[in-house]
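Please look through the sequence and the model shown here, and then follow the paragraphs below, which move from a single loop residue to the wider fold.

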Amino acid sequence: MSQVQKIKFNQLVKQIREYEDDTQYLKVALFEDFVEKINKFVSDNEIDIEDFEFEDPLHYSSTAKTINQNGLKALLNHIELIEALINADTRSDLVSSNSDKYKEQKDKVFIVHGRDELTRSDVELLLHRIDVEPIILSFQANQGLTLIDKFEKYADVRYAIVLLTPDDFGGLEGTNTTNLRARQNVIFELGYFYGKLGRSNVCIIMKSDIEVPSDIQGIVYTRFVNKLDEIKSEIYRELTAAKVKFTPSF
């Protein structure tokens, strides 16, 4: 990308970040224009990341006239991912394209997630920052595969991080009690990676208090309440124990 493009992108990002502490002026039209420009920058420079779009109703206020804090946070996370990818490309330009050492440098970590896109993007960003390649199934090419075939193809990784977030409700039939649970696909994929990689190569991250299957009760989880930063050092410790190659970022 040209220096002019970088400067224009940085100016746009600066403008967006100036709204971070101001919830009154996050006008939908303005922010959708920001998103259009960011997506164009990504497309023009062939950056390997999906287009961003605000999700309705998750990212909009009740009046649908403004973007809420979830929407702003999601956009800022997306911008940080773009910046991380740009920085990674810059570093790779400094290394010979024939360098096998560089090509083999990054370990791959599969992120299993449910509906909590903010937590997923926080983990993705953390891995980019520490020079680990995150694998997210929905971001990979379908290539005419069935969903299970696609999952098995991209599950060929060194390590897995499984996000147990409160996405669903469930309870015992015949009772009025329901509990917050992770999505069923998350539990399925957790069991798959336990069998494929072994428990020592799977990190379970739990957000808040949710119900877990009885078969895995007693396992120690890495738990946070509000922000992933609460447990960053614990994630580093788990990656180190599993001998995943990474560069800590504090």
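## A walk through the predicted model

K65 has its place in the loop between α2 (28–44) and α3 (69–93), and the coordinates around this residue, like those of the rest of the chain, come from a predicted model. With a relative accessible area of 62%, K65 is exposed, because the cut-off for that class is over 50%. Which residues does K65 touch, once those up to four places away in sequence are set aside? They are L26, K27 and V28, and for L26 the C-alpha to C-alpha distance to K65 is 8.5 Å in space, although the two residues are 39 apart in sequence.

The other side of this contact can be read from K27, which is found in the loop between α1 (3–17) and α2. K27 touches K65 and T66, again not counting residues up to four places away in sequence, and its C-alpha lies 9.2 Å from that of A64, a residue 37 positions away along the chain. At 43% relative accessibility K27 counts as partly exposed, whereas K65, as given above, is exposed.

The loop that holds K65 also contains P57, which is found between α2 and α3. The peptide bond leading from D56 to P57 is cis, with omega near 10°. Two further backbone features concern phi. For D131, phi is near 65°, a positive value in a residue other than glycine; the place of D131 is in the loop between α5 and β2, and with a relative accessible area of 18% D131 is buried. For Q143, phi is near 55°, also a positive value in a residue other than glycine; Q143 lies in the loop between β2 and α6 and, at 54% relative accessibility, counts as exposed. As background to these cases, most residues other than glycine have a negative phi, and most peptide bonds are trans.

From single residues we can turn to the fold as a whole. The secondary structure of the protein comes to eight helices and seven strands, and of its 250 residues 43% count as buried. Among contacts between residues at least 6 apart in sequence, 62% join residues at least 24 apart.

Aromatic side chains give one concrete view of such links along the chain. The count of aromatic pairs, taken with ring centres within 6.5 Å, comes to eleven. In one of them, F110 and F193 have ring centres 5.1 Å apart and planes at 50°, so the pair is tilted. This pair links distant parts of the chain, with F110 in strand β1 (residues 108–112) and F193 in helix α7 (residues 184–197), 83 residues apart. Both partners are enclosed by the protein in the sense of the accessibility classes: F110 counts as buried at 1% relative accessibility, and F193 is buried, with a relative accessible area of 0%. The rings of Y192 and F193 have their centres 5.5 Å apart and their planes at 90°, so this pair is edge-to-face; Y192 itself is partly exposed, with a relative accessible area of 24%. Ring pairs link F110, F151, F188, Y192 and F193 into a cluster.

One member of that cluster, F151, leads on to helix α6 (residues 147–154), whose buried residues are K150, F151 and Y154. Seen down the axis of α6, these buried residues fall within an arc of 100°, so they line one face of the helix. What covers the buried residues of α6 includes β1, β2 (133–135) and α7.

The last stop is open space. Rolling a probe the size of a water molecule over the atoms shows where empty space is left. How much space lies in the largest pocket? The volume is about 820 Å³, and the lining is made up of 33 residues, of which K73, N77, L118, D122 and N226 lie nearest the centre of the pocket. The elements that give two or more residues to this lining are α3, α5 (117–129) and α8 (232–241). By class, the lining has eleven nonpolar, seven polar and 15 charged residues.

Conventions
Residues are numbered from 1 along each chain as its sequence is written. This is a predicted model: local features need pLDDT of at least 70, side-chain atom pairs count only at pLDDT 80 or more; totals for chains, interfaces and linings use all residues. Side-chain values use heavy atoms; hydrogens and water are left out. Helices (H or I, at least four residues) and strands (E, at least two) are DSSP runs, numbered from the N terminus. Buried means under 20% relative accessible area, exposed over 50%, partly exposed in between (1.4 Å probe, protein chains only). Contact means heavy atoms within 4.5 Å. On a 1 Å grid over the protein atoms alone, a cavity is a set of points where a 1.4 Å probe fits but cannot get out, and a pocket is an open set with protein on both sides within 12 Å along at least five of seven lines; lining residues have an atom within 4 Å of a point. Grid points are joined across faces, edges and corners, and a volume is the space filled by probe spheres set on the points. Ala, Val, Leu, Ile, Met, Phe, Trp, Tyr, Cys and Pro count as nonpolar, Asp, Glu, Lys and Arg as charged, and the others, Gly among them, as polar. Rings of Phe, Tyr and Trp (its six-membered ring) pair if their centres lie within 6.5 Å; planes under 30 degrees apart count as stacked, over 60 as edge-to-face and the rest as tilted. The arc is that of the directions from the helix axis to the C-beta atoms.
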